[in-house]
Amino acid sequence: MILYYAVKVVISGIEYTRHVNFAAGRQDVQLVKHSYQVENLGKRSLPLQVRFTVPGKIGTNTLWNVTVSERKPGNRSSCQLSAKSLAKVQTEAPRDPQDYLMLDCGITKCLELQCEVTALEEHGTVIFDIQGEFMSAALAELDAMQLMLFSKAKLRYDEEKYVDVSEESAHYYEATLLTEVDIVQQVNQLPLIIGGSVGGLVLLLIVIFVFFKFGFFKRSNNSGERESLKVNPSEGGETPSTGEEMTQE
């Protein structure tokens, strides 16, 4: 008779870098982080294993240089990078060009990181952080402007000794996190600046031409001449006689 211990353990993604972008044609590096939480919801501690699958390289170029760390040292977990990378798998059916291109194990050489938890206490929690530099240089081989970076976590334990008694938690043995990656085309601002300056100058010349066409400047000149005549009488003109001069005659 085989004796099983009832357990209830779940894993979920809790924190992650949602979006990064890179300028097209430039080699840049950004930190990307995915965090997973493992919870023991049962009443018995147990040893378990967490395996993380992440994209590692595209061709010979490193894509995501990751490490795994643990936030709860009291659970006595240890993480190590697997000795070998995973083989490429068959890619999925071609996607619509408008969709994000998934950087899965069909495109990249994936790595498997393995963490051993010696004993996860009852109602205990441990959080694993997968983080590292995401390098845009590796994306040069892909003809895509929108990509999706993934990581996957999977729980494993001794099924000959432990059994999950909760049907609702059965699908919580795996979790996936995604980060959107956008390649942004750089815009040359110089033509825009020159075009704006030339356009403003042309507009100014058009306004001046319209004013001139409708006699705006001519009316202004005529008005100035009339004011001059009122202030300075023309030379050679007779000065009007006063009443006293006429009486003396």
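Mentor: A salt bridge here is a side-chain nitrogen of Lys or Arg within 4 Å of a carboxyl oxygen of Asp or Glu. The model we are discussing is a predicted one.

Trainee: How many salt bridges does a search of the whole structure find?

Mentor: Side chains of opposite charge can pair when their charged atoms come close. One pair is Glu15 with Arg71, another is Asp129 with Arg71, and Glu174 with Lys154 is also a pair. The search of the whole structure gives a count of three.

Trainee: Which residues are linked in a network of salt bridges?

Mentor: Glu15 and Arg71 form a salt bridge, with their closest N and O atoms 2.9 Å apart. The side chains of Asp129 and Arg71 also meet in a salt bridge, at 2.9 Å from N to O. Arg71 takes part in both pairs. The linked residues are therefore Glu15, Arg71 and Asp129.

Trainee: How many residues apart in sequence are the parts that Glu15 and Arg71 tie together?

Mentor: The two side chains form a salt bridge. Glu15 lies in strand β2, while Arg71 belongs to the loop between β7 and β8 (77-81), so the pair ties together parts whose separation in sequence is 56 residues.

Trainee: And which elements does the pair of Asp129 and Arg71 tie together?

Mentor: Their side chains meet in a salt bridge. The two residues are 58 residues apart in sequence, and the parts tied together are strand β11 and the loop between β7 and β8.

Trainee: Is Asp129 buried or exposed?

Mentor: Its partner Arg71 is partly exposed at a relative accessible area of 35%, and Glu15 is partly exposed at 37%. Buried means under 20% relative accessible area. Asp129 has a relative accessible area of 5%, so this residue is buried.

Trainee: Which strands hold Glu174 and Lys154?

Mentor: The closest N and O atoms of this salt bridge are 3.7 Å apart. Both partners are partly exposed, Glu174 with a relative accessible area of 40% and Lys154 at 40% relative accessibility. The pair ties together parts 20 residues apart in sequence, because Glu174 lies in strand β14 (residues 174-184) and Lys154 in strand β12 (residues 146-156).

Trainee: In what order do the four strands of the open sheet run?

Mentor: Strands of a sheet pair through backbone hydrogen bonds, either parallel or antiparallel. Here the pairing is antiparallel. The edge strands, each pairing on one side only, are β2 (9-16) and β7 (64-70). The order is β2-β4-β11-β7.

Trainee: What is the average twist from one strand to the next?

Mentor: The sheet is open and its strands pair in an antiparallel way. From one strand to the next, the twist averages 20°.

Trainee: How many bridges join β4 to β11?

Mentor: Strand β4 covers residues 29-40 and strand β11 covers residues 125-135, and the two run antiparallel. Tyr36 stands opposite Phe128 in β11, and Leu31 has Glu133 as its bridge partner there. The number of bridges joining β4 to β11 is eleven.

Trainee: Which residue of β11 is the bridge partner of Val66?

Mentor: Strands β7 and β11 run antiparallel and are joined by seven bridges. In β11, the partner of Val66 is Gly132.

Trainee: Is Val68 buried or exposed?

Mentor: Val68 is found in strand β7. Leaving aside neighbours within four places in sequence, its contacts include Phe52, Cys79, Leu113 and Phe128. The salt-bridge residue Asp129 is also one of its contacts. With a relative accessible area of 18%, which is under 20%, Val68 counts as buried.

Trainee: How far apart are the C-alpha atoms of Val68 and Lys33?

Mentor: Along the chain these two residues are 35 residues apart. Their C-alpha atoms are separated by 9.9 Å.

Trainee: Which residues does Gly59 touch, not counting those up to four places away in sequence?

Mentor: Gly59 lies in the loop between β5 (46-58) and β6 (61-62), and it is partly exposed at 28% relative accessibility. Gly59 and Ile107 are 48 residues apart in sequence but 9.1 Å apart in space, C-alpha to C-alpha. The residues Gly59 touches are Lys109 and Glu141.

Trainee: What accessible area does the nonpolar surface patch have together?

Mentor: The patch is formed by Ile194, Val198, Val202, Ile206, Phe209 and Val210. Val210 is found in helix α1 (residues 189-213) and is partly exposed, at a relative accessible area of 37%. Together the patch residues have an accessible area of about 530 Å².

How values were computed:
Residues are numbered from 1 along each chain as its sequence is written. This is a predicted model: local features need pLDDT of at least 70, side-chain atom pairs count only at pLDDT 80 or more; totals for chains, interfaces and linings use all residues. Side-chain values use heavy atoms; hydrogens and water are left out. Patches are made of residues with over 30% relative accessible area and no salt bridge: like charges are joined within 9 Å, nonpolar side chains (Val, Leu, Ile, Met, Phe, Trp, Tyr) within 5 Å. Accessible areas come from the Shrake-Rupley method with a 1.4 Å probe; for residues, only the protein chains shown count as cover. Buried means under 20% relative accessible area, exposed over 50%, partly exposed in between (1.4 Å probe, protein chains only). Two strands pair if DSSP finds at least two bridges between them. Axes are lines fitted to C-alpha atoms, for helices over the stretch in contact, and angles run from 0 to 180 degrees between N-to-C directions. Contact means heavy atoms within 4.5 Å.
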